[in-house]
Amino acid sequence: MSCPYHACRVCGTPIPVPAFDDPGPSISSIRTVLPVRTQVYLCKACGHAQSPDLPDLKDFYDTQYRISLDEDGHDQLYENRKGDRVFRTDYQAELVLALGVENGAKVLDFGSGKATTLRKALAQRPDLVPHVFDVSEDYVEHWQDWIVEDNRATYTVPERWTKYFDLITAHFVIEHVPDPVAILADIQRCLAPGGRLFLTVPDAEANSGDMLVVDHLNHFSQDSLERALSEAGLSAQNIDREA
């Protein structure tokens, strides 16, 4: 028997009915039209909003979610800065390097895709030791000429990475996952003592259109993000809603 409610993915509180329900078809963040309902459930306990799992979710990210794979140089335009175009991965690399990562740091790009952000950071900081992880093998050919095999993983995060990384980045990852607390806990497992996580998620309160993107299973408020981090054994040193 199916449950008559959804439980909050962050705090577990039952959510009896959706706050928004449309019969579809629906659209994903990469403009894929999907024959599913668009539903948003809002947790009144922690402020988290969420959408139901997609059918065949693992296969969707393994074989269909081919972000920026149309061509080698594909990227998303972030802004025009004084007449110069700034692309998303360039800006993400700026933010990562602004952390002042220590010399020789072991860095993992979690949910990396092509790992273009990490590659651009490495071009400015060749002392960094790059690692990548994703739930698809579609990106392996983009890693293999600059990341050694032992520093690459797909589908499962290796046990050998426990307490290993000085910095883990996750750029727009945990909004896609059915159990964000479990993913954050796996990330926490891989952080060395004193290690840091640099995490970016959409700000659904500032961009309400994010609620309609059906592959974004999670729409974090600041409160629900802090709660998810805490449940995973992490604490937020800084949350910047302007960056």
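**Reading salt bridges, helix packing and backbone angles**

Modeller: Let's start with one residue: at 25% relative accessibility, Asp-186 counts as partly exposed. Please keep in mind that this is a predicted model.

Biologist: Gladly. Why does Asp-186 count as partly exposed?

Modeller: The class follows from two cut-offs: buried means under 20% relative accessible area and exposed means over 50%, with partly exposed in between. The 25% of Asp-186 therefore makes this residue partly exposed.

Biologist: With which residue does the side chain of Asp-186 meet in a salt bridge?

Modeller: First the general idea: side chains of opposite charge can pair when their charged atoms come close. Here, the partner of Asp-186 is Arg-189, with 2.9 Å from N to O. Both residues belong to helix H5 (residues 180-190), where they sit three residues apart, about one turn of the helix. Arg-189 has a relative accessible area of 18%, so this residue is buried.

Biologist: Which residues are linked with Asp-186 and Arg-189 in a network of salt bridges?

Modeller: Glu-159 joins them, and the three residues form a network of salt bridges.

Biologist: How many salt bridges does a search of the whole structure find?

Modeller: The search finds ten. One of them pairs Asp-53 with Arg-9, at 3.0 Å from N to O. Asp-53 lies in the loop between strand S7 (49-50) and helix H1 (57-64), and Arg-9 in the loop between strand S1 (6-7) and strand S2 (14-15), so this pair ties together parts that are 44 residues apart in sequence. As for accessibility, Asp-53 is partly exposed at 42%, whereas Arg-9 is buried at 15%.

Biologist: And what about Asp-203 and Arg-241?

Modeller: Their side chains also meet in a salt bridge, with 3.0 Å from N to O. Asp-203 is in the loop between strand S14 (191-200) and strand S15 (218-219), while Arg-241 is in the segment after helix H6 (222-231), so the pair ties together parts that are 38 residues apart in sequence. Asp-203 is partly exposed, at 24% relative accessible area, and Arg-241 is partly exposed too, at 43%.

Biologist: Let's move on to helix packing. At roughly what angle do the axes of H2 and H3 cross?

Modeller: To read a crossing, take the angle between the two axes and then its class. The axes of helix H2 (residues 88-97) and helix H3 (residues 116-124) cross at roughly 55° and come within 8 Å. That makes H2 oblique to H3.

Biologist: Is the crossing of H2 and H3 left-handed or right-handed?

Modeller: The crossing is right-handed. On the H2 side, the contact is made by Thr-89, Asp-90, Gln-92, Ala-93 and Leu-97, which meet Thr-116, Thr-117, Lys-120, Ala-121 and Gln-124 of H3. By residue type, this contact divides into three nonpolar, five polar and two charged residues.

Biologist: How do I read the surroundings of a single residue, such as Glu-231?

Modeller: Locate the residue, then look for neighbours from elsewhere in the sequence. Glu-231 is in helix H6 and is partly exposed at 44% relative accessibility. Leaving out residues up to four places away in sequence, Glu-231 touches Val-10 and Val-181. Its C-alpha is 8.7 Å from that of Leu-184, though the two residues are 47 apart in sequence.

Biologist: What share of the chain's contacts between residues at least 6 apart in sequence join residues at least 24 apart?

Modeller: That share is 63%. For the chain's overall make-up, count six helices and 15 strands, with buried residues making up 44% of the 243 residues.

Biologist: Finally, the backbone. Which residues have a positive phi although they are not glycines?

Modeller: As a general guide, most residues other than glycine have a negative phi, and most peptide bonds are trans. Lys-163 has a positive phi of about 55°, and so does Phe-172, also at about 55°. Lys-163 is in the loop between strand S12 (152-154) and strand S13 (165-171) and is exposed at 61%. Phe-172 is in the loop between S13 and H5 and is partly exposed at 32%.

Biologist: Where is a cis peptide bond?

Modeller: A cis peptide bond joins Gly-24 and Pro-25, with omega about 5°. You will find Pro-25 in the loop between strand S3 (20-22) and strand S4 (26-27).

Methods. Residues numbered from 1 in each chain as written. Predicted model: local features only at pLDDT ≥ 70, side-chain atom pairs only at ≥ 80, totals over all residues. Heavy atoms only, no water. Salt bridge = Lys/Arg side-chain N within 4 Å of Asp/Glu carboxyl O. Helix = DSSP H or I, 4+ residues; strand = E, 2+ residues; numbered from the N terminus. Buried < 20%, exposed > 50% of the residue type's maximum accessible area, 1.4 Å probe, protein only. Axes fitted to C-alpha atoms, helices over the stretch in contact; angles between N-to-C directions. Parallel < 35°, antiparallel > 145°, perpendicular 65-115°, else oblique. Left-handed = near helix turned anticlockwise from the far one by under 90°. Contact = heavy atoms within 4.5 Å. Nonpolar A, V, L, I, M, F, W, Y, C, P; charged D, E, K, R; others polar.
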